[in-house]
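Colleague: I'd like a close look at one helix in this model, the one nearest the start of the chain. Could you walk me through what its residues do, and then follow the threads out from there?

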Amino acid sequence: MSIIYSFVARGKTILAEYSDSTGNFKQACRQILGKIGQKDTKMTYVYDKYNFHFISEKNLIYMCMADENFERRIAFAFLQDIKGRFQSEYGTKGQNAIYLGMNEDFAQVLQRQMKYFSSNLESDKIGKVKNEIEDVKQIMSKNIEKVIERGDKIEILVDKTEHLRDQSFKFKRQSTKLKRHMWYKNCKLIMMIFVVLIIYFILAGACGGLGLPKCTGKK
């Protein structure tokens with residue numbers, strides 16, 4: 001259970017983003033952005049095994065995608081934290097920034113806070129103590145299919161980085177094993193050729209020359 005992807009956007013323009021996974025989920029997030037109005041709101045869009053949480057405030061959108069079992073309270077505590085950090089760092093600059101204009105610096109903040117809120121149990125306690133978010137029960141949930149209004153089913157694909165690392169390690173291990181196998185095979189072939197040549201030269205010495213005249217009856 002973790003936060004998979006998060007970003008800060010103005011309308012459809014993403015200003016900063018970070019994900020530790022790969023897949024087509026960013027496309028789904030961009031479709032959601034097109035359906036969010038300018039009204040300040042907090043919402044959760046539910047789809048398949050994932051939840052898309054967002055806070056829309058002052059024309060800026062703070063959104064994260066998380067596993068369905070990830071606590072919504074923690075997800076919104078994360079978004080509140082990101083909102084505070086973004087406003088503190090950039091003030092009103094986000095109202096005029098270009099696409100990924102804050103990504104160079106703020107992507108690192110997203111990465112660090114995603115890891116913290118995904119793995120640190122204290123993050124939930126901090127959220128309660130600071131009382132930064134409203135009761136989660138007051139935050140509405142909608143099905144993403146109804147929001148996007150598409151006839152075909154969206155298949156959201158997520159490949160976790162850990163899985164990719166495991167696959168990469170497995171491929172490297174198999175590659176090394178194959179390389180070692182081919183090396184032994186080549187050594188075996190060279191040894192066979194070497195043995196055949198030794199036998200041939202021994203026969204050549206005993207049979208009167210390279211053509212083996214004494215042994216073949218040819219002069």
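Modeller: I'll set the scene briefly, then go through the helix and the places its residues lead to. Bear in mind that this is a predicted model, where local features need pLDDT of at least 70 and side-chain atom pairs count only at pLDDT 80 or more, while totals for chains, interfaces and linings use all residues. Residues are numbered from 1 along each chain as its sequence is written, and side-chain values use heavy atoms, with hydrogens and water left out.

The protein has seven helices and eight strands. These are DSSP runs numbered from the N terminus: helices are H or I over at least four residues, strands are E over at least two. Of its 219 residues, 36% count as buried, where buried means under 20% relative accessible area, exposed means over 50%, and partly exposed is in between (1.4 Å probe, protein chains only).

Your helix is α1, residues 25-33, and its buried residues are F25, A28, C29, I32 and L33. Looking down the axis of α1, those buried residues fall within an arc of 145°, so they line one face of the helix. (The arc is that of the directions from the helix axis to the C-beta atoms.)

Let's take L33 from that buried set. One residue that touches L33 is A9, a contact being heavy atoms within 4.5 Å. A9 lies in strand β1 (residues 3-10) and counts as buried, at 0% relative accessibility. Leaving out residues up to four places away in sequence, A9 also touches I14, L15, N59, L60 and I61. A9 and N59 are 50 residues apart in sequence, yet their C-alpha atoms are 8.7 Å apart in space. For the protein as a whole, among contacts between residues at least 6 apart in sequence, 63% join residues at least 24 apart.

C29 is the next thread. You may wonder about a disulfide, which is a covalent bond between the sulfur atoms of two cysteines. A search of the whole structure finds zero of them, using a limit of 2.5 Å between the two sulfur atoms. C64 has its closest cysteine sulfur in C29, but at 9.2 Å that is too far for a bond. C64 is buried, with a relative accessible area of 0%, and C187 is partly exposed at 28%.

Now for the charges. Side chains of opposite charge can pair when their charged atoms come close. The rule for a salt bridge here is a side-chain nitrogen of Lys or Arg within 4 Å of a carboxyl oxygen of Asp or Glu, and by that rule the count comes to four. R30 forms one of them with E17, with the closest N and O atoms 3.7 Å apart. This pair links distant parts of the chain, R30 being in helix α1 and E17 in strand β2 (residues 13-19), 13 residues apart. R30 counts as partly exposed at 31% relative accessibility, whereas E17 counts as buried at 12%.

Another salt bridge joins the side chains of E57 and K83, at 3.1 Å from N to O. E57 is in strand β5 (residues 50-57) and K83 in helix α2 (residues 72-90), so the pair ties together parts that are 26 residues apart in sequence. K83 counts as buried, at 12% relative accessibility.

Helix α2 also holds a pair of its own: R85 and D81 are both in it, four residues apart, about one turn of the helix. They form a salt bridge whose closest N and O atoms are 2.8 Å apart. R85 is partly exposed at 34%, and D81 counts as buried at 18%. Back at your helix, salt bridges that share partners join E17, K26 and R30 into one network.

One last neighbour: Q113, in helix α3 (residues 103-119), touches D81 and R85 along with F78 and I82, not counting residues up to four places away in sequence. Q113 counts as buried, at 6% relative accessibility.
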